[in-house]
Amino acid sequence: MFFSILLIAHLQAAVVPIILGIKSFNKFKHISKNKTIPLGFISLGLASIFEMIDHTQTSWIYVDHSSLFNWLFYCFLSLGLTLLSISVVKNKFIQTTNFCIFLFSIISYFLIDKNIAL
């Protein structure tokens, strides 16, 4: 019973943002970077999927570790939040800085250390 509830909670955390992202294409015409909003939601949904895959490898027990799926989780989570924040910021320098910080953080996850990247 508990496993079923846990699985449903994780599935809805993946499916809802992806559906919102797909349905919101061409809905934000008043925002100049309107394509980044749906892509941000889809990225958050993909992050949830990778987190779920990572949890299945650890028997649904939280383990603070570095793995490919854990990296993909943080990568898509960061990408989703970056895309959502870029969509509402008009300053090109802040947009570029935000995207560069995103790139450096996902690269540093494996090159330096997970804790520093986070």
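Begin by selecting F25, which sits in the loop between α1 and α2; the model you have open is a predicted one. F25 counts as partly exposed, because its relative accessible area is 31%, a value that lies between the limits of 20% for buried and 50% for exposed. Now show what surrounds F25: leaving out residues up to four places away in sequence, F25 touches K35, P38, L39 and I42. For a sense of distance, add W60 to the selection, which is 35 residues from F25 in sequence, with the two C-alpha atoms 34 Å apart in space.

Stay in this loop and select N26, which also has its place between α1 (2–23) and α2 (36–57). The backbone deserves a look here, since the phi angle of N26 is near 65°, a positive value in a residue other than glycine. N26 counts as partly exposed, because its relative accessibility is 46%.

Next, zoom out to the protein chain as a whole and colour it by secondary structure, which comes to five helices and zero strands; read from the N terminus on, the elements run α-α-α-α-α. Along its principal axes, the C-alpha trace spans about 45 × 35 × 15 Å. If you switch on a surface, the chain exposes about 7,400 Å², and carbon and sulfur atoms supply 73% of that area. Of the 118 residues in the chain, 37% are buried. Among the contacts with a separation of 6 or more, 64% are accounted for by residues 24 or more positions apart.

From this overview, turn to helix α3 (residues 68–88) and select F76, which is found within it. Not counting residues up to four places away in sequence, F76 touches S43, L44, L46, A47 and F50. If you then add F2, you will find its C-alpha atom separated by 27 Å from that of F76, the two residues being 74 apart along the chain.

Remain on α3 and select S87, another residue with its place in this helix. S87 counts as buried because its relative accessibility is 4%, where the limit for that label is under 20%. What is S87 in contact with, leaving aside its neighbours within four places in sequence? The residues to display are I31, K33, T36 and I37.

Now bring helix α4 (residues 92–111) into view beside α3: the axes of the two helices come within 10 Å and cross at roughly 175°. That angle makes α3 roughly antiparallel to α4, since angles over 145 degrees count as such. To see the contact itself, select L68, N70, W71, Y74, C75, S78, L79, T82, S85 and I86 on the α3 side, together with Q95, N98, F99, F102, I106, Y109 and F110 on the α4 side. Coloured by residue class, the residues of this contact divide into eleven nonpolar, six polar and no charged.

End the tour by keeping N70 from that selection, a residue found in helix α3. Is N70 buried or exposed? N70 counts as buried, because its relative accessibility is 7%. Show Y109 as well, and look between the two side chains, where N70 makes a polar contact with Y109 at 2.5 Å.

Key. Residues are numbered from 1 along each chain as its sequence is written. This is a predicted model: local features need pLDDT of at least 70, side-chain atom pairs count only at pLDDT 80 or more; totals for chains, interfaces and linings use all residues. Side-chain values use heavy atoms; hydrogens and water are left out. Helices (H or I, at least four residues) and strands (E, at least two) are DSSP runs, numbered from the N terminus. Contact means heavy atoms within 4.5 Å. Buried means under 20% relative accessible area, exposed over 50%, partly exposed in between (1.4 Å probe, protein chains only). A polar contact is a pair of N or O atoms within 3.5 Å; within protein, one must be able to donate a hydrogen and the other to accept it, and residues adjacent in sequence count only if both atoms are side-chain atoms. Axes are lines fitted to C-alpha atoms, for helices over the stretch in contact, and angles run from 0 to 180 degrees between N-to-C directions. Angles under 35 degrees count as roughly parallel, over 145 as roughly antiparallel, 65 to 115 as roughly perpendicular and the rest as oblique. Ala, Val, Leu, Ile, Met, Phe, Trp, Tyr, Cys and Pro count as nonpolar, Asp, Glu, Lys and Arg as charged, and the others, Gly among them, as polar. Accessible areas come from the Shrake-Rupley method with a 1.4 Å probe; for residues, only the protein chains shown count as cover.
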